[in-house]
Amino acid sequence: MTVEDVRKASNRLAPYVVHTPLLRAPRLSTELDLRVLVKPENLQRTGSFKVRGALNTLLSWQESGSLPRGVVCYSAGNHAAAVAYAGQSLGVETVIAMPHGAVQSKIDNVHRFGGEIVETDDLIGTCNSLSAERGFPMLLPFDMPEVIAGQGTVGLEILADAVATGTTVDAVLVPVGGGGLISGIGAVVKSLSPRTLVIGVESEASNALGLALNAGEVVDLPARLPTIADGLAAPRAGGHTLAHAQAYVNCMVEVSESAITRAWRDMVDATKLVVEPSSAVGLAALREISLADMGLRAGMSVVLVASGGNVDFSRFADF
C-alpha cells in the first residue's frame with residue numbers, strides 16, 4: 001500500500017470523518033523532557049480511529065460497484081462501532097461478532113449506529129459462520145489494504161498539521177493491536193518524512209504483532225490474557241500488517257498493565273481528554289522504557305496517537 005492509496009482514502013473520507021488536531025501536552029512535555037503532542041482520535045466520529053478504515057473500505061467497494069447489501073465483522077468494540085457507523089452511512093446492513101463482557105460503551109455505540117451484535121467466545125469462527133449464513137463479506141478490523149489505507153490518513157494529518165505549524169515530528173508512538181493503524185501511519189510517514197521514527201507500543205498481555213515480527217510470520221497468541229487496553233486485544237496480527245510493519249516500523253515495545261493503568265489516569269488528567277486505556281500506551285512507553293532503547297533523546301518532538309475514547313466510565317471509580 002502506498003501513500004497515494006492513502007491520499008485517495010483521504011479524499012473519500014473527507015465528508016465523513018473529523019480531521020483531528022495535533023494538541024500540545026505541556027505538562028507531559030515538562031515531565032518527560034520532550035515536546036509531546038497528542039493526536040486525539042477519541043474526538044473522531046464513533047470515538048476512535050477505526051471509522052477511517054471501515055468507511056474507506058465500503059466507499060472503495062461503492063466506487064468499484066461492488067458495495068454489498070451487508071457486511072460482517074468481529075471486534076472488541078471500536079471496529080464494531082466503526083463498521084456499524086459506516087454501514088448506516090451507506091445503507092449497508094452490519095452484523096458484528098463481539099466477545100462476552102465487552103465494554104458497555106462500545107456495545108451502546110454499535111446499537112446507536114444500527115448494528116446487530118452476536119455475542120461469542122469465538123470471534124473469528126463466529127464471524128466466518130455469519131459470513132457464510134448471511135452471504136455477506138467480512139470487513140476485517142486490520143488486515144485489509146483498504147482498512148490500512150483508511151487508517152493511514154491519521155499519518156497524513158499528523159504530517160500536514162506539523163508542516164502547517166512549523167513543527168518537527170521526530171517520532172510517532174502508535175498503539176498496536178492487530179497492526180492496521182501502525183501499518184497505515186508507517187507507510188505514510190516513511191514516504192513523506194523518512195527520518196521520523198515509527199514506534200509501535202503493545203500491552204505485554206497482547207503482543208500479536210511483536211510476536212509475528214519476531215517469528216517472521218503470523219502466529220496466534222498462546223493465550224488470551226486479560227488487558228485493561230481491550231482495544232488492542234487482537235488474537236493475531238495479519239499478513240498485510242506484518243509486511244507493513246517489517247517495512248516501515250522502527251521498533252516495537254511492550255508495556256506492563258500497571259504502567260498502562262497509571263498512564264491512562266495521568267493522560268486524562270494532563271490533557272483533559274477522555275481517552276480509553278489503549279490510548280495511553282505511548283505515554284506508558286515513554287515512562288517505562290528508556291528513550292535510547294526507542295531511538296529517542298531528550299528534547300525531541302514526539303506524537304502520541306490517542307487511538308480512542310470509548311471508555312467504561314465505571315472504571316474511573318478505581319482511581
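Here is a short conversation about helices and strands in this predicted model.

Visitor: Why is α1 called roughly perpendicular to α3?

Guide: The axes of α1 (residues 3-13) and α3 (residues 50-63) cross at roughly 90°. Angles of 65 to 115 degrees count as roughly perpendicular, so α1 is roughly perpendicular to α3.

Visitor: Which residues of α1 and α3 meet there?

Guide: From α1 come Ala9, Arg12 and Leu13, and among their counterparts in α3 are Leu55, Leu59 and Glu63. By class, this contact has 4 nonpolar, 2 polar and 3 charged residues.

Visitor: What makes β3 and β5 edge strands?

Guide: The open sheet has the order β3-β4-β5, with parallel pairing. Both β3 (70-74) and β5 (116-120) pair on one side only. From one strand to the next, the twist averages 20°.

Visitor: How do you know that β4 and β5 pair?

Guide: Two strands pair if there are at least two bridges between them; β4 (residues 93-99) and β5 are joined by 5 bridges, so they pair. For Pro99, the bridge partner in β5 is Thr120.

Visitor: What is the direction of helix α5 relative to β4?

Guide: Helix α5 (residues 104-112) makes about 170° with β4 while touching β4 and β5. Angles over 145 count as roughly antiparallel, so α5 is roughly antiparallel to β4.

Visitor: Which side chains of β8 are buried?

Guide: In β8 (residues 251-255), Cys251, Val253 and Val255 share one face and are buried, whereas Met252 and Glu254 point to the other and are not. In a regular strand, side chains alternate between the two faces of the sheet. Val253 is also the bridge partner of Val201.

Notes:
Residues numbered from 1 in each chain as written. Predicted model: local features only at pLDDT ≥ 70, side-chain atom pairs only at ≥ 80, totals over all residues. Heavy atoms only, no water. Axes fitted to C-alpha atoms, helices over the stretch in contact; angles between N-to-C directions. Helix = DSSP H or I, 4+ residues; strand = E, 2+ residues; numbered from the N terminus. Parallel < 35°, antiparallel > 145°, perpendicular 65-115°, else oblique. Contact = heavy atoms within 4.5 Å. Nonpolar A, V, L, I, M, F, W, Y, C, P; charged D, E, K, R; others polar. Buried < 20%, exposed > 50% of the residue type's maximum accessible area, 1.4 Å probe, protein only.
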